[in-house]
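User: Could you take me through one part of this protein in some detail? I would like to see how one strand sits among its neighbours, and then how the charged side chains and the core fit around that picture.

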Amino acid sequence: MNKKENLQQLQQPLPVVALVYDFDGTLSPGNMQEFGFIQAIGRDIDDFWTRSRELSEKNDASGILCYMYCMIHQAKANNISLRRESFQRFGAMVELFPGVKEWFARINAYGRSQGLEVRHFINSSGLKEMIEGTAIAKEFENIFASSFLYDVDGIAYWPAVAVDYTAKTQFLYKINKGINEVSDNVKINQYMPEDERPVPFRHMIYFGDGETDVPSMRMAKANGGHAIAVYRDAANPATAQRLIREDRANFACLADYSDGGELDTVVKSILRKIKADWDVEALLKKGGQGR
């Protein structure tokens, strides 16, 4: 490769890789409402979720919408602020798995060392406003999650977005096409050639822990991407291993994001594979001449 070709290569944008995460049980060891909010409304954790589940089953209603209703209803009943800033303060209390805070800078740097641009996205049934209050909110290109509408006084009064397992697959298409707006229902359905999409599915790594992640894991995997099922208890990896057996995920890893851990090793290996595949595709486009 001569100096001119080398300069042209350096000036080209790096291929983008999207790391897409569920939140509860994937980056955090529990449901985010359990780190302060439920205690503030004077409820037991099990009681809150039991009431939410019963409301859903009794009315044959969305479980996501029912938990959001319970949050608003019980916060009002206990005089808890329903402003976005209040939800963000509860978000600041959310615990994270080992290594999560340091994970993003380290993986970004490793991606750059391989000639890749790594971007991070949230795809969660949890509450966007609480995720915005966490220590890692600034790391994400976009947070696709459930959220509330707010009135003129800034008080939450109605669900704006409720993210269930089918909505999660829609957001993967938005990432694939470079669409940031949840409200968009035009560009998402417009034809876009595969080679013009900002993030090909084969450049996606999906992290999830449970049933609501299965369709997204399967979609990423079926389209050439990778899916990682994480589990919080080293003594009980059963759910993650089942997802492997059922061909829903590529890997099952303990939810430890520390440097040198299994998850770190797997993701770095996938990034190297993505770059190698990209280089091979580039050679094929040149007719296999390698120049």
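Analyst: Happy to help; the walk below starts at one strand and moves outward from there. Please keep in mind that this is a predicted model.

Let us begin with strand β3, which covers residues 142-150. Seven of its nine residues are buried, so β3 is largely enclosed by the rest of the structure. Strand β3 pairs with two strands, and we can take them in turn. Strand β2 (residues 117-127) runs parallel to β3, and five bridges join them. If you want a spot to look at, find Asn123, whose bridge partner in β3 is Phe144. With β4, in contrast, the pairing is antiparallel and spans four bridges. Here Tyr150 stands opposite Ala156 of β4. The two strands β3 and β4 make a hairpin with five residues between them. In that turn sits Gly154, with a positive phi of about 80°.

Now look at the surface around this hairpin. Leu149, Tyr157 and Trp158 make a nonpolar surface patch of about 340 Å². Of these, Tyr157 belongs to strand β4, residues 156-161. Tyr157 counts as partly exposed, because its relative accessible area is 41%, between the 20% and 50% cut-offs.

Back on β2, there is a charged pair to inspect. Glu117 and Arg119 meet through their side chains in a salt bridge, at 2.9 Å from N to O. Both are partly exposed: Glu117 has a relative accessibility of 30%, and Arg119 has 24%.

The count of salt bridges in the model comes to 22, and a few others are worth a visit. Arg242 pairs with Glu211, with the closest N and O atoms 2.5 Å apart. Arg242 lies in helix α10 and Glu211 in the loop between β5 (204-208) and α9 (214-222), so this pair ties together parts that are 31 residues apart in sequence. Arg242 is partly exposed at 25% relative accessible area, as is Glu211 at 49%.

Lys221 forms a salt bridge with Asp247, again with the closest N and O atoms 2.5 Å apart. This pair links distant parts of the chain, 26 residues apart: Lys221 is in helix α9, and Asp247 is in the loop between α10 and β7. Lys221 counts as buried, because its relative accessibility of 19% falls under the 20% limit. Asp247, at 37%, counts as partly exposed. Asp247 also has a positive phi of about 65°, although it is not a glycine. Another non-glycine residue with a positive phi is Asn79, near 60°. Asn79 sits in the loop between α4 and α5 (84-91) and is exposed, with a relative accessible area of 73%.

Finally, let us go inside. The largest nonpolar core has 56 residues, and Leu19, Tyr21, Trp103, Phe207, Ile228 and Tyr257 touch the most other members. Helix α4 (residues 63-77) gives the largest share of this core, seven residues. Apart from this core lies another of 26 residues, among them Val20, Phe171, Met204 and Val214.

Tyr257 is a good residue to display with its surroundings. Leaving aside residues up to four places away in sequence, its contacts include Tyr21, Phe97, Trp103, Arg106, Phe207 and Leu263. One of these contacts, Arg106, leads back to the charges: Arg106, Asp259, Asp264 and Lys268 are linked in a network of salt bridges.

Conventions: Residues numbered from 1 in each chain as written. Predicted model: local features only at pLDDT ≥ 70, side-chain atom pairs only at ≥ 80, totals over all residues. Heavy atoms only, no water. Patch = residues over 30% accessible without salt bridge, like charges linked within 9 Å, V, L, I, M, F, W, Y side chains within 5 Å. Areas by Shrake-Rupley, 256 points an atom, 1.4 Å probe, with all protein chains shown as cover. Salt bridge = Lys/Arg side-chain N within 4 Å of Asp/Glu carboxyl O. Buried < 20%, exposed > 50% of the residue type's maximum accessible area, 1.4 Å probe, protein only. Core = buried A, V, L, I, M, F, W, Y, C linked by side-chain atoms within 4.5 Å. Contact = heavy atoms within 4.5 Å. Pairing = 2+ DSSP bridges.
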